[in-house]
Amino acid sequence: MALRRAHLSDQEAAARTKPAEIEVAMKDLVKRNQFVALLAGLIVLTLMDEVVLNFFIASDAQQETEPLFKLFSQFLLLLSLSLGFLLFVGYKNRKKQAQVLQRERDKSHQLAARLASHKLGIDAHAIVSITDTKGRITYTNKKFREVSGYSEEELIGKNHRILNSGTHDRAFFEEMYKTVWKGESWTGEICNKAKDGSLYWITTTIVPIMDTTGKLEEIISIRTDITDIKKKESELKSYSALLKTTFENFPGGISVFDADQRLLLANKSFYDLMEITPDQFPVGKIYADVLKEQLQSGTISFVGEALSADGANEPLSLNKKLKCTKTLPTGREIEIESWPLEDGSIVAAYYDVTEHKAMLKHLSRRNEEAEASAAQLLAAQQAQEQAHKRLIDSINSMRGGFALWDKDAKLVTANEAYRNYHKELAHLIRPGMSVREFLEAGHKIGFWNFKQELPDNWLDIFVERFKTADQYEATFETIEGRHLVLYSTRLPNGDITSNFIDVTEERLREAELVRARDALSHIAYFDALTALPNRARGQQDLEALFSNKQPDSRFAIIQIDLDKFKRVNDTLGHVSGDHLLKEIGSRLAFLASKVPSFQPYRWGGDEFVAIVNDVTSTELENLCQELTDLIAIPVPYENSTLWPTVSLGVAIYPDDASDLSSLMMYADLALYKTKEMGRDGYQFFSSDMKERLDSEASIEADVRHALKMDEFELHFQPQISTIDESITGIEALVRWNHPIRGQLPPGLFMGIVEANGMASALGKTIFEKAMWSARQWIDEGLSFGRLSVNLSPAHLQRQTLIDDFLQSMEKYDINPDLLAVELLEGILLDDQYTNINELFETLSARGVHVELDDFGTGYASLSHLSSLPIDGIKIDRSFVNNIVVNKKQKAIVEVVMSMSRMMQLRVVCEGVETHQQLATVSQIANCSIQGYLVSRPLTFEGMTRWIREKRNVGILTPSGPRQIRKSHMGIASSGM
């Protein structure tokens with residue numbers, strides 16, 4: 001039935017009409033047979049008429065009517081003959097037609113069999129359904145039901161919308177039915193929904209079946225499942241999109257050429273790296289032509305085989321791998337590598353290897369330095385091991401027993417003699433053993449022979465004395481009859497040394513006992529490294545000097561500080577630092593041997609103190625000059641030379657002070673004055689220094705008052721990009737509106753603020769005002785890049801800095817990406833800022849940017865930049881001032897910017913005041929600039945107008961001489 005309604009060919013359509021024609025012909029044949037029977041009846045009637053006439057009519061009457069009857073009989077006979085002839089002819093025709101009809105009926109059966117076979121084939125591979133004109137399903141084949149998941153009972157009579165997946169809109173179906181109602185077939189792809197809710201795609205051909213009047217009778221749909229094809233198409237699109245994205249975002253350049261070297265495909269990086277525009281090298285242009293132009297211009301040199309040296313039209317070798325290097329005028333090197341494909345085309349990749357090669361050179365140099373440092377360290381370790389071995393050998397060679405205990409009276413080490421004295425307890429003598437354990441064990445086995453009765457708490461008394469007494473002496477007698485004398489001394493660091501002396505032969509041991517005491521005294525009052533008296537000895541001597549002073553006494557204290565000693569430790573290692581300290585100690589001892597009134601002490605670290613007795617001012621000044629000259633003599637160290645210098649501060653008794661603490665403080669003040677004047681010299685304490693102290697005290701009081709009265713405000717200096725003049729950031733600078741002295745820059749009060757514990761309070765004020773300003777600009781919709789705030793070194797030492805900053809940020813709801821904190825580079829090298837790593841990591845984790853200020857002046861190590869989450873650096877103005885004429889400064893800036901680019905650090909050049917400086921900086925690299933060329937520091941209102949009026953536009957364009965107002969003592973770009 002379904003196949004009868006299918007869309008048929010012309011032959012099959014003709015065959016479909018045969019059964020109806022045969023039925024009509026059969027009906028016509030029956031009618032003709034009935035007519036033949038009628039004619040036969042007429043003939044019989046004619047014959048019967050003759051019989052009746054002869055039988056019933058009289059002879060007379062026959063004669064009268066005979067002509068008439070004869071005529072009528074002849075007519076009937078003629079009519080019968082005619083009809084008989086016609087019947088014969090008709091019979092022949094009917095017989096012929098019956099034969100034709102039988103043949104057609106056989107053909108019809110054959111065609112029906114063929115259609116049944118076609119139906120089986122279609123049902124096996126196609127999805128077939130029939131719906132009436134109202135969209136109700138009247139037939140479905142097995143394939144239809146398998147794909148949709150519905151049974152025949154669930155489908156028949158249901159509207160075809162049961163399969164609607166919602167993928168197609170109403171207009172889609174309206175257009176489809178519009179086509180079908182016009183009597184035209186419709187073909188397309190449709191997404192249906194199965195019974196289980198899954199979606200499947202089919203390609204559909206919808207054929208309308210029209211009746212004889214041209215009206216739609218029913219609709220046949222023949223479908224093919226293309227769900228897998230659709231899935232593969234989707235996967236192919238995704239894969240193509242992925243390939244395209246990978247191609248476009250590949251970090252290097254990629255290009256594809258055909259066998260004739262014509263460009264087929266290239267990404268953006270290809271043009272960027274090759275410095276060629278798509279117009280200069282469009283798709284279809286021959287690669288050799290471009291290379292020829294570049295080779296002739298001298299901008300390319302080949303590692304592999306490419307073009308000949310004169311740029312002749314020798315084709316590229318496309319049947320093997322090619323590698324070449326392109327050197328740009330800027331010095332960048334582009335590595336090009338290509339591979340041939342089977343079809344004769346070639347794929348090429350392009351990489352910028354400039355930084356890679358520079359990094360390899362740098363790493364090679366650093367590796368050489370590391371190997372040299374490792375060799376030095378190994379030598380130092382070997383020397384230390386040898387010294388340690390000599391020390392152990394020396395201790396073990398002592399005839400008396402020696403033991404070193406820590407501050408908790410636990411054994412650190414003991415020599416062999418100590419063990420020999422206590423053979424019965426030798427198995428207990430090991431590091432970590434306490435004095436209490438040692439004595440208890442000896443008491444249990446009766447090792448100690450006490451002649452007097454001991455109190456119950458004798459052990460507690462002994463241990464307490466042993467741990468707390470500066471010096472302790474006790475005598476023990478062993479069960480063997482030997483007498484041992486214990487001498488213990490508590491060292492300044494809390495450790496305790498104990499010496500056991502066998503005094504059984506006291507005369508023989510007396511010298512060793514004295515030597516042991518002297519050694520202990522030397523350990524307590526002399527520095528092990530320099531052999532100079534230590535701080536404890538110096539304090540004793542000074543206290544004795546003041547206690548025994550006479551009315552005419554006159555002496556001086558010299559504070560001696562090695563200049564930049566920390567740099568020696570950081571660059572050459574602590575072994576080199578110890579070597580330098582030892583040499584300085586030797587020179588001070590040498591000077592003391594030449595000048596009897598000069599007594600030096602090792603005060604700690606790189607600090608020394610000297611006491612000079614009975615000397616005039618002139619002699620003291622000559623002595624200071626001789627001391628600085630002596631220390632300044634170069635110190636050879638392995639393969640290098642150390643160039644030490646010292647700063648001296650001198651205070652004289654009784655001219656400057658009459659008490660020890662004041663005299664030491666004044667010597668320190670003189671020392672700081674020397675350092676302020678550039679180090680490598682000496683200064684005598686003067687009343688000016690005292691006045692400075694008093695002035696600082698006055699400023700301190702004013703600052704505390706200013707914090708209460710809110711006299712501090714922020715000025716702002718913008719930073720712009722050298723590329724497009726856009727605002728990249730604004731630095732907040734603190735100013736003090738002093739009620740009497742007017743506006744003061746930070747250089748006049750920040751030192752006092754930090755030295756007197758006010759940095760935290762001022763820092764919180766700066767944070768509040770900076771966040772408030774940022775909030776105003778954000779609310780007005782003004783773009784300011786990133787607002788940076790300087791952090792005070794003293795504030796860093798307080799644990800509240802991070803909380804203060806984050807609380808202000810959260811209070812004004814500022815996006816941390818819009819904020820940056822600036823720290824002086826020198827802070828990284830100062831050991832007192834132990835929480836610097838925590839600060840960096842916490843702020844970075846919260847999204848706040850961290851930048852190093854005045855970079856290049858603090859000698860920060862590259863390890864700091866690589867190990868800490870630093871986002872940017874600010875090159876100090878001292879490197880920019882003479883960058884136009886000073887090639888060395890320009891080279892330093894180039895190195896710093898190159899390093900920053902490799903480490904992806906933001907760079908700001910401070911102090912840019914002229915277009916010549918700007919041009920030089922721009923030639924080196926793209927960065928941000930800050931200085932009077934851009935703008936002087938502005939108040940909040942002025943900065944707001946500056947941003948609002950877009951005064952940054954046009955700044956980078958030279959427009960004649962520009963007047964720079966150097967207000968505020970020329971420190972507009974200084975920190976805070």
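Let me start with a strand pair: S17 and strand S18, which covers residues 607-613, run antiparallel to each other and are joined over six bridges. Within that pairing, Arg602 sits opposite Phe608 in S18. Before I go further, please keep in mind that this is a predicted model, and I will come back to the confidence values at the end.

The two strands belong to an open sheet of five, whose order is S17-S18-S16-S21-S22 and whose pairing is mixed. Strand S17 (598-604) and strand S22 (681-684) are at the edges, and because each has a single partner strand, one side of each is left without a neighbour in the sheet. From one strand to the next, the twist averages 20°. Lying across this sheet is helix H19, residues 660-676, which crosses strand S16 (555-562), S17, strand S21 (646-653) and S22, and which runs at about 145° to S21.

Now to the nonpolar interior. The largest nonpolar core has 82 residues, and those with the most contacts inside it are Phe749, Trp777, Leu787 and Met897. Which helix gives the most to this core? That is helix H22, residues 759-780, with eight residues. As for Met897, if we leave aside residues up to four places away in sequence, Met897 touches Ile875, Val907, Cys909, Val921, Ile924, Ala925 and Cys927. There is also a second, separate core of 33 residues, which includes Ala592, Phe598, Val615 and Leu648. As a general remark, nonpolar side chains in soluble globular proteins tend to be buried together.

Turning to charged groups, the structure holds 32 salt bridges, and I would like to dwell on a few of them. The side chains of Glu822 and Lys874 meet at 3.1 Å, N to O, in a salt bridge, and this pair links distant parts of the chain, with Glu822 in strand S27 (residues 819-824) and Lys874 in strand S29 (residues 872-875), 52 residues apart. Lys874 also forms a salt bridge with Glu910, at 3.3 Å, N to O, and here again distant parts of the chain are linked, since Glu910 is in strand S30 (residues 906-910), 36 residues from Lys874. Are these two partners, Lys874 and Glu910, buried or exposed? Lys874 has a relative accessible area of 0% and is therefore buried, and Glu910, at 1%, is buried as well. Taken together, Glu731, Glu822, Lys874 and Glu910 are linked in a network of salt bridges.

Another salt bridge joins the side chains of Arg136 and Asp132, at 2.9 Å, N to O. Here Arg136 counts as partly exposed, with 38% relative accessibility, whereas Asp132 is buried, with a relative accessible area of 16%.

One further residue deserves a look, namely Ser148, which is placed in helix H4, residues 142-148. Ser148 is buried, with a relative accessible area of 0%, and, not counting residues up to four places away in sequence, Ser148 touches Leu155, Leu163, Ala194, Lys195 and Tyr200.

Finally, the confidence values. The chain averages a pLDDT of 80, and 83% of the residues score at least 70. Confidence is lowest in helix H1 (residues 10-16), at a mean of 42, and highest in helix H29 (residues 940-948), at 95. Over residues 1-20 the pLDDT is below 50, and that stretch has 27 contacts in the model beyond near neighbours in sequence.

Notes:
Residues are numbered from 1 along each chain as its sequence is written. Side-chain values use heavy atoms; hydrogens and water are left out. A nonpolar core is a set of buried Ala, Val, Leu, Ile, Met, Phe, Trp, Tyr and Cys residues joined through side-chain atoms within 4.5 Å. Buried means under 20% relative accessible area, exposed over 50%, partly exposed in between (1.4 Å probe, protein chains only). Helices (H or I, at least four residues) and strands (E, at least two) are DSSP runs, numbered from the N terminus. Contact means heavy atoms within 4.5 Å. pLDDT is the predictor's confidence in each residue, from 0 to 100. Two strands pair if DSSP finds at least two bridges between them. Axes are lines fitted to C-alpha atoms, for helices over the stretch in contact, and angles run from 0 to 180 degrees between N-to-C directions. A salt bridge is a side-chain nitrogen of Lys or Arg within 4 Å of a carboxyl oxygen of Asp or Glu.
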